[in-house]
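Visitor: Could you take me through one part of this model up close? I'd like to hear about the second largest pocket and what sits around it.

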Amino acid sequence: MLFVLYNDIAWQLLPLELGFGSGQTCWRRLERWQKTGVFDRLHRILLAELNAAGELDWSRACVDGSHIRARKGAPTPVRRRSTGGKRAANTT
């Protein structure tokens with residue numbers, strides 16, 4: 001994965017001589033790891049270790065809600081009855 005990113009090449013151009021398998025095989029592995037949460041866990045571990053070593057400057061951190069997944073099955077808010085007047089009937 002790092003070779004592909006560093007050299008800015010397509011997965012299909014990954015040299016077999018590197019011994020990682022074909023580009024398609026590597027891409028499928030990457031997709032499987034992403035689906036099983038490998039990178040999320042790796043990110044959490046890396047942050048925890050950097051934080052424990054005092055290597056993170058949290059004074060410049062911010063939280064962006066657009067990157068937080070919505071919970072599946074979370075209750076939806078109850079629709080409230082309108083307090084406005086009813087729409088006039090269509091007379092055409």
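Guide: Sure, let's start with the fold: the protein chain has three helices and zero strands, running α-α-α from the N terminus on. Helices here are DSSP runs of H or I with at least four residues, strands are E runs of at least two, and both are numbered from the N terminus. This is a predicted model, where local features need pLDDT of at least 70 and side-chain atom pairs count only at pLDDT 80 or more, while totals for chains, interfaces and linings use all residues. Residues are numbered from 1 along each chain as its sequence is written, and side-chain values use heavy atoms, with hydrogens and water left out.

Now the pocket. On a 1 Å grid over the protein atoms alone, a pocket is an open set of points where a 1.4 Å probe fits, with protein on both sides within 12 Å along at least five of seven lines; lining residues have an atom within 4 Å of a point. The second largest one has a volume of about 170 Å³, that is, the space filled by probe spheres set on the points, which are joined across faces, edges and corners. Its lining is made up of Met1, Phe3, Trp11, Leu14, Phe20, Cys26, Arg29, Leu30 and Trp33. Helix α2 (residues 23–36) gives the largest share, four residues. By type, the lining has eight nonpolar residues, no polar ones and one charged; nonpolar means Ala, Val, Leu, Ile, Met, Phe, Trp, Tyr, Cys and Pro, charged means Asp, Glu, Lys and Arg, and the others, Gly among them, are polar.

Two of those lining residues deserve a closer look. Leu14 is found in the loop between α1 and α2 and is buried, with a relative accessible area of 8%. Buried means under 20%, exposed over 50%, and partly exposed in between (1.4 Å probe, protein chains only). Buried residues make up 7% of the 92 in the chain. Leu14 and Gln24 are ten residues apart in sequence, and their C-alpha atoms are 9.0 Å apart in space.

Met1 sits in the segment before α1 (2–7), and counts as partly exposed because its relative accessibility is 41%.

One more stop in the loop between α1 and α2: Asp8 lies there too. Most residues other than glycine have a negative phi. Asp8, not a glycine, has a positive phi of about 50 degrees, and Asp8 is exposed, at 70% relative accessible area.
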